[in-house]
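Biologist: Please take one part of this model, the set of paired strands, and examine it closely. I would like a connected account of how the strands are joined, and of the side chains and spaces that deserve attention alongside them.

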Amino acid sequence: PNPYLRYITINVGAQQGVQVGMPVVSGGAGLIGRVSEVAPRTAKVQLITDRESAVAALLQSSRATGLVVGQPDGTLRMEYLLQDAVVTEGDIVLTSGLGGMLPKGLVIGQVAQVEQMDYALFQAAVVRPVLDFSRLEQVLVITTFEPLPLEEEPAMEEPVETPAAESP
């Protein structure tokens with residue numbers, strides 16, 4: 001891992017079917033990041049701890065949704081949690097599948113601290129990652145996941161037949 005750019009390089013690439021946007025996990029279901037660049041035999045993976053990373057997430061117990069973003073110091077923070085959402089320390093944070101870019105149910109981490117202020121519109125939580133990114137040795141690229149298309153093709157309208165007027 002690079003301490004400044006928060007990415008890793010893996011030894012599989014386009015020749016093995018890897019494409020940009022594919023999710024990358026640990027040996028379990030712990031989310032590491034997404035493929036950001038692909039070469040013939042290597043790929044660059046943007047870690048979820050990167051400050052440019054954002055993942056739609058939900059809490060396992062209360063099903064409250066939010067956005068997990070990487071912080072400049074390499075930690076994670078779950079933002080945009082509604083004020084009335086029940087958030088407790090120890091809650092498991094999972095990918096929500098919203099947006100269609102990642103599969104639902106991958107483990108991101110665990111709530112370490114809840115930040116709630118009465119005057120704010122939302123509450124936030126500090127999330128402890130499920131993985132120690134400095135000790136990564138093997139990762140898995142999920143190649144069979146197909147993200148939702150960003151733009152849907154317009155539906156073709158079928159011509160409506162109008163009855164022919166009969167002449168007297």
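Modeller: Val-93 has Gly-109 in β9 as its bridge partner. This bridge belongs to the pairing of strand β8, residues 92-95, with strand β9, residues 107-115, which is antiparallel and runs over three bridges. All of this is read from a predicted model.

On its other side, β9 pairs with strand β10, residues 122-129, in the antiparallel sense over six bridges. Within that pairing, Val-114 is matched with Ala-125 of β10. The connection from β9 to β10 is a hairpin of six residues.

A further pairing joins strand β5, residues 54-59, to strand β6, residues 65-70; it is antiparallel and holds five bridges. Ala-54 has its bridge partner in β6, namely Val-69.

What do these pairings build when they are taken together with β7? Six strands close into a barrel, and the order around it is β5, β6, β7, β10, β9, β8, with antiparallel pairing. From one strand to the next, the twist averages 40°. In the barrel order, β7 stands between β6 and β10, while β9 stands between β10 and β8.

The loop between β5 and β6 contains Arg-63. This residue has a positive phi of about 65°, although Arg-63 is not a glycine. Its relative accessibility is 44%, so Arg-63 counts as partly exposed, being neither under the 20% limit for buried nor over the 50% limit for exposed.

A positive phi of about 65° is also found at Tyr-80, again in a residue that is not a glycine. Here the setting is a strand, β7. Tyr-80 is partly exposed, with a relative accessible area of 46%.

Tyr-80 also has a ring partner. A search of the whole structure finds one aromatic pair. It is formed by Tyr-80 and Phe-122, whose ring centres are 5.6 Å apart; because their planes stand at 85°, which is over the 60 degrees required, the pair is edge-to-face. Tyr-80 belongs to β7, residues 76-82, and Phe-122 to β10, so the pair ties together parts that are 42 residues apart in sequence. Phe-122 is partly exposed, at a relative accessible area of 35%. The two strands that carry these rings, β7 and β10, follow one another in the barrel order.

Another ring contact involves a charge. The charged end of Lys-44 sits over the ring of Tyr-7, at 4.3 Å from the centre of that ring.

As for enclosed space, the structure holds one cavity of 30 Å³ or more. The largest cavity contains about 40 Å³ of space. Its lining consists of Leu-31, Gly-33, Arg-34, Gln-46, Leu-47, Ile-48, Ser-53, Val-55 and Leu-102. Two elements give two or more residues each to this lining, β3 (31-38) and β4 (43-47). The largest share, three residues, comes from β3. Of the barrel strands, β5 spans residues 54-59, and Val-55 is one of the residues that line the cavity.

Note on methods. Residues numbered from 1 in each chain as written. Predicted model: local features only at pLDDT ≥ 70, side-chain atom pairs only at ≥ 80, totals over all residues. Heavy atoms only, no water. Pairing = 2+ DSSP bridges. Helix = DSSP H or I, 4+ residues; strand = E, 2+ residues; numbered from the N terminus. Axes fitted to C-alpha atoms, helices over the stretch in contact; angles between N-to-C directions. Phe/Tyr/Trp six-rings, centres within 6.5 Å; stacked < 30°, edge-to-face > 60°. Buried < 20%, exposed > 50% of the residue type's maximum accessible area, 1.4 Å probe, protein only. Lys NZ or Arg CZ within 6 Å of the ring centre and 35° of its normal. 1 Å grid on protein atoms, 1.4 Å probe; cavity = no way out; pocket = protein on both sides within 12 Å on 5 of 7 lines; lining within 4 Å. Points joined across faces, edges and corners; volume = space filled by probe spheres on them.
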